[in-house]
Amino acid sequence: RKKMRFLLFLLIYQCAINRINAYSASSPSVILLMVDDLGIGDLGCYGNRTLRTPNIDRLAEEGVTLTQHIAASPLCTPSRAAFLTGRYPIRSGMAAFSRVGVFLFSASSGGLPSEEMTFSKLLKKKGYATALIGKWHLGMNCERSNDFCHHPLSHGFDYFYGLTVTNLRDCKPGQGSVFLKGVQKSLVIPLQITGIALVSLAVVHYIGLLRAPFRALAYCFLIATISLVVLILFFYNFRHLNCFLMRDHQIIQQPLSYENLTQRLTKEAVQFIERNTDAQFLLVLSYLHVHTALYASKNFRGKSKHGLYGDAVEEMDWSVGQILDMLDKYNLSDKTLVYFTSDQGAHVEEISSSGEVHGGYNGIYKGGKSTNWEGGIRVPGLLRWPGVIQAGAYLDEPTSNMDIFPTIVKLAEAQLPSDRIIDGHDLMPLLQGKVAQSNHEFLFHYCNAYLNAVRWHPRNSKSVWKVFFFTPNFSPEDSNGCYDSHVCFCHGRFITWHDPPLLFDLSRDPEEKVPLTPKTERRFYEILRVIHLAIENHTRSLHAVPNQLSWDNLLWKPWLQMCCSSVFQSCYCDHDSERNLLEVNVG
């Protein structure tokens, strides 16, 4: 009888272990950590020896490091759209045909279409608690200031605390403006022409050479004056109108305060985990670091070897450590898949007015943010899931931030959409060593809505071919970026077309230094032929969709402007500080 009891105990114990293993292997909680404008060369686990990132390096030690992890776009808005949907941004209308490729105003009408299926929607249907903490940058309203058609809560998140647009220099007093140079270049000449034209018309009307109706002249002058006044007022009040913090649908701080901002974002993330220790959850912690305006709290300011940028990186690393410690505290580490990345490469042109470098380091890779050179799209990619994913492993296969969509959807045992093309691939077979080669034979690199380059990794080959049809014109010419315009653009005088296209083998030349030619690569034309066939197949899979980044959808619309008080009170409120103060007093 004792033997029977012992066997029964073993059976029950084994069943319990099997249930735990089944839970861990098939339906983990998910934490996705996305940094803004972080360079692949900024982290210790990718070779940096002067910035201290022990917590991020811990993820690499306890998980898998992707050494050829590719952002679907070198700009924030389209890259994040691709990340959430697993699809090239051109498919959802989140790729611009104009010069501006991201949302700049809170009262723009464009955004991630409601028809798009995000991983947060699918995991929410499977019972996951879902939260987005930090930066969104995928739109907010469509027709009214409270329809929230593009808001995170309309895309599968139960909880939101953060910014709907992005962190900009204009949001922080004393940090300069990303608009000033562009406005000066774009508007000074048209304003001069308009002014000269109006004055000339008035003069010829006065001396009798041309009899233009006085009322028409007055209307023209009035319209021009009102337009100029509105423009000046808008940019003067930019910080109040566009830089605000929201909790769900409510503005809680307008304008945004940078004081202890990383601590507040981290606290929100930690509290979300604590509320869901007994349930499956999806947490997207989308850092404002290290996009300018740079900031760091008192505990980190002046502590790094790389100025304010380094301080910001090290503070962000501290935050990652807080999240990992929380998982350890509640014994959730083995039940949670953690992913760390950046939305694109470092913004190498970011230099403060005092000459301090405010952009990151892309290691050996050429270019940076806004370009499809490797420095703009090759980003950190770390995944940790103890007991399921091998610790300390490196994968040098092409992977994409679009791969997170099918990976976590399958792990949650949700159904992938069958009515649309998903461009990402499930990473688990690769991460667990069940396959040796990535499913991405081809990756298509868009500069806004223009196909800029193609990457081809042939089956059973170590070569990774990359073809450029056009490249940005760096300014100055011998530099590594477009310093004169602050970012590189995708058309017209800002680019150079190549015929034949530039060809590189990234397996031999990851720095993209020496383009191959028919003389140096005997398969030159065969490689181009295969890539052109892939482009034809890819192009046939595209369908016309509304352009969410058209000028009409990008421009500021006063009727969509949100304000937590009133315009006469300068749209000011600070409920977040009041709440934190109340919590301290109650505590």
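User: Which residues of helix 2 are buried in this predicted model?

Analyst: The model is a predicted one, and a residue is called buried when its relative accessible area is under 20%. Helix 2 spans residues 54-61 and is mostly covered, with six of its eight residues buried. Those residues are N55, I56, D57, R58, L59 and A60.

User: What covers the buried residues of helix 2?

Analyst: The cover over the buried residues of helix 2 includes both strands and a helix. Among the strands are strand 1 (29-35), strand 2 (64-70), strand 8 (336-342) and strand 9 (378-384), and alongside them stands helix 10 (307-329).

User: Which residues are linked with R58 in a network of salt bridges?

Analyst: R58 is one of the buried residues of helix 2. Side chains of opposite charge can pair when their charged atoms come close. In the network of salt bridges, R58 is linked with E62, D325, D328 and R384.

User: How many residues apart in sequence are the parts that D158 and K124 tie together?

Analyst: D158 forms a salt bridge with K124, and their closest N and O atoms are 3.2 Å apart. Because D158 lies in the loop between strand 3 (129-135) and strand 4 (159-163) whereas K124 belongs to helix 5 (residues 119-125), the pair ties together parts whose separation in sequence is 34 residues.

User: Are D576 and R264, which form a salt bridge, buried or exposed?

Analyst: The closest N and O atoms of D576 and R264 are 2.9 Å apart. The pair links distant parts of the chain, with D576 in helix 16 (residues 575-586) and R264 in helix 9 (residues 261-275), 312 residues apart. As for accessibility, D576 and R264 are both buried.

User: Is D419, the salt-bridge partner of R420, buried or exposed?

Analyst: R420 and D419 form a salt bridge in which the closest N and O atoms are 3.0 Å apart. R420 has a relative accessible area of 22%, so this residue counts as partly exposed. D419 has a relative accessibility of 60%, and because exposed means over 50%, D419 counts as exposed.

User: What is the area of the nonpolar surface patch that includes L222?

Analyst: L222 lies in helix 7 (residues 214-236) and is partly exposed, with a relative accessible area of 44%. Since a patch residue needs over 30% relative accessible area, the value for L222 meets that cut-off. Together with Y219, I223 and I226, L222 makes a nonpolar surface patch of about 420 Å².

How values were computed
Residues are numbered from 1 along each chain as its sequence is written. This is a predicted model: local features need pLDDT of at least 70, side-chain atom pairs count only at pLDDT 80 or more; totals for chains, interfaces and linings use all residues. Side-chain values use heavy atoms; hydrogens and water are left out. Buried means under 20% relative accessible area, exposed over 50%, partly exposed in between (1.4 Å probe, protein chains only). Helices (H or I, at least four residues) and strands (E, at least two) are DSSP runs, numbered from the N terminus. Contact means heavy atoms within 4.5 Å. Patches are made of residues with over 30% relative accessible area and no salt bridge: like charges are joined within 9 Å, nonpolar side chains (Val, Leu, Ile, Met, Phe, Trp, Tyr) within 5 Å. Accessible areas come from the Shrake-Rupley method with a 1.4 Å probe; for residues, only the protein chains shown count as cover. A salt bridge is a side-chain nitrogen of Lys or Arg within 4 Å of a carboxyl oxygen of Asp or Glu.
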